[in-house]
Amino acid sequence: MIPRARIILEQGQHGTFEPFDRFAMFEKSRGKSLGELLDKFKELRGQSLQELEAMNLTPELLEKRGMHPEFGLVTLNQLLSTWVVHDLGHVGQIVRVMAKQYDEAVGPWKAYLPVLTR
Amino acid sequence: MPCRSCDIQEPSGEHNGANQYYENARSNREFLCARNEAIVELLRKVEHRGFTIERLELRMRGGGRLLAHNSERKFSKIQFTLLLCRICRECSLGDFAGIIAVMEFQLDQAKEILGRTPITLNSLLRDVPETWLHSNEGPETWSPFDVVGHLIHAEETD
């Protein structure tokens, strides 16, 4: 979200966000081990948080708005909140996908395991 | 001290600090019930930590939030929840039972989660057998491996 945060801070409503490629990782992750990906993610996230810190965001800046191609005006606050929920959503997704590996193994208990039917 | 009706006896107007809230509560001859006292105490604690209260918003029931800033103009939104005893919650009157407040910078709270995600994923996924990593939920869905890749791509470009 740092690139988009920068667009809001530097260009405001005149900037436009680059469209996000939701399938780029299939190519980019090819041939890498999960360990490598985890290391990379940790490194990148560390950098992002440093950059976020360096932005010295005040409440006024957090209310700054940018133009989203689909939603129209969005605030920096909304963008940063979305970043958090995006993380949590994907953590939940990973947990759900893992749970579903035992979809059949749990037998009749499936009825009490809503994560399997979500 | 329980108070059944203070939900509709909020000191009215703007409240800029603990003392003013307290004074308003008294001058409006509103019952300074345990609930209002707890709110005043919370406001005092916030002020004691070097914050100036900008705004106090009370919801009719349940709690409210404060907007405060410190000397560096760093803002903090403080959510507080009034604890109501269960019996009264059922009859929706709500006897006051206590107060809990969450006081953090909203941005710092966000960073707390953002900083944790790599650690969470590391604990969950590192060195687990491959079969856990590469199954998905069917066509057009992602495996845990794909999701980590997506997070990397989002970090770089989004």
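**Exercise 1. Determine in which pattern the helices and strands of chain A follow one another along the sequence.**

Solution. In this predicted model, chain A contains 5 helices and 2 strands. Read along the sequence, they are arranged as α-α-α-α-β-β-α. Buried residues account for 19% of the 118 residues of chain A. As to contacts in chain A between residues at least 6 apart in sequence, 54% join residues at least 24 apart.

**Exercise 2. Describe how strands β1 and β2 of chain A are paired.**

Solution. Strand β1(A) spans residues 65–68 and strand β2(A) spans residues 72–75. The two run antiparallel and are joined by 4 bridges. They form a hairpin, with 3 residues between the strands. Within this pairing, H68(A) stands opposite G72(A) of β2(A).

**Exercise 3. Classify the relative orientation of helices α1 and α5 of chain A, and list the residues in their contact.**

Solution. Two quantities are required: packed helices are described by the angle between their axes and the distance between the axes. Helix α1(A) covers residues 2–11 and helix α5(A) covers residues 76–99; their axes come within 10 Å and cross at roughly 175°. Angles over 145 degrees count as roughly antiparallel. The helices α1(A) and α5(A) are therefore roughly antiparallel to each other. On the α1(A) side the contact is made by R4(A), A5(A) and I8(A), and on the α5(A) side by L76(A), L79(A) and L80(A). By class, these residues comprise 5 nonpolar, no polar and 1 charged.

**Exercise 4. Characterise the contact between chains A and B from the side of chain B.**

Solution. The contact takes 39 residues from chain A and 36 residues from chain B. On chain B, the elements giving two or more residues are α4 (106–125), α5 (130–134) and α6 (144–157). The side of chain B that touches chain A has 17 nonpolar, 11 polar and 8 charged residues.

**Exercise 5. Identify the largest nonpolar core and the elements that supply it.**

Solution. The largest nonpolar core has 17 residues. Those with the most contacts inside it are L34(A), L37(A), L38(A) and F41(A), together with V148(B), L151(B) and I152(B). At least two residues each are supplied by α3 (34–54) and α5 of chain A and by α4 and α6 of chain B. The largest share, 6 residues, comes from α6(B). Not counting residues up to four places away in sequence, F41(A) touches P118(B), L121(B), V148(B), L151(B), I152(B) and E155(B). Apart from this core lies another, of 13 residues, including I39(B), L56(B), A68(B) and I78(B).

**Exercise 6. State where P19(A) is placed, and decide whether P19(A) is buried or exposed.**

Solution. P19(A) is located in the loop between α1 and α2 (24–28) of chain A. A residue counts as exposed if 12 or fewer other C-beta atoms lie within 10 Å of its own. P19(A) is therefore exposed, with 10 C-beta neighbours inside 10 Å. The C-alpha atoms of P19(A) and P69(A) are separated by 8.3 Å, although the two residues are 50 residues apart along the chain.

**Exercise 7. Examine the backbone of D127(B) and E140(B), giving phi and burial for each.**

Solution. The reference point is that most residues other than glycine have a negative phi. D127(B), which is not a glycine, has a positive phi of about 65°. D127(B) lies in the loop between α4 and α5 of chain B and counts as exposed because it has 8 C-beta neighbours inside 10 Å. E140(B), also not a glycine, has a positive phi of about 65°. E140(B) is found in the loop between α5 and α6 of chain B; with 6 other C-beta atoms within 10 Å, E140(B) is exposed.

Methods
Residues are numbered from 1 along each chain as its sequence is written. Chains are lettered from A and ligands numbered from 1 in the order in which they are written. This is a predicted model: local features need pLDDT of at least 70, side-chain atom pairs count only at pLDDT 80 or more; totals for chains, interfaces and linings use all residues. Two residues are in contact if their C-beta atoms, placed from the backbone, lie within 7 Å. Ala, Val, Leu, Ile, Met, Phe, Trp, Tyr, Cys and Pro count as nonpolar, Asp, Glu, Lys and Arg as charged, and the others, Gly among them, as polar. Two strands pair if DSSP finds at least two bridges between them. Axes are lines fitted to C-alpha atoms, for helices over the stretch in contact, and angles run from 0 to 180 degrees between N-to-C directions. Angles under 35 degrees count as roughly parallel, over 145 as roughly antiparallel, 65 to 115 as roughly perpendicular and the rest as oblique. A nonpolar core is a set of buried Ala, Val, Leu, Ile, Met, Phe, Trp, Tyr and Cys residues joined through C-beta atoms within 7 Å. A residue is buried if 20 or more other C-beta atoms lie within 10 Å of its own, exposed if 12 or fewer, and partly exposed in between; C-beta atoms are placed from the backbone.
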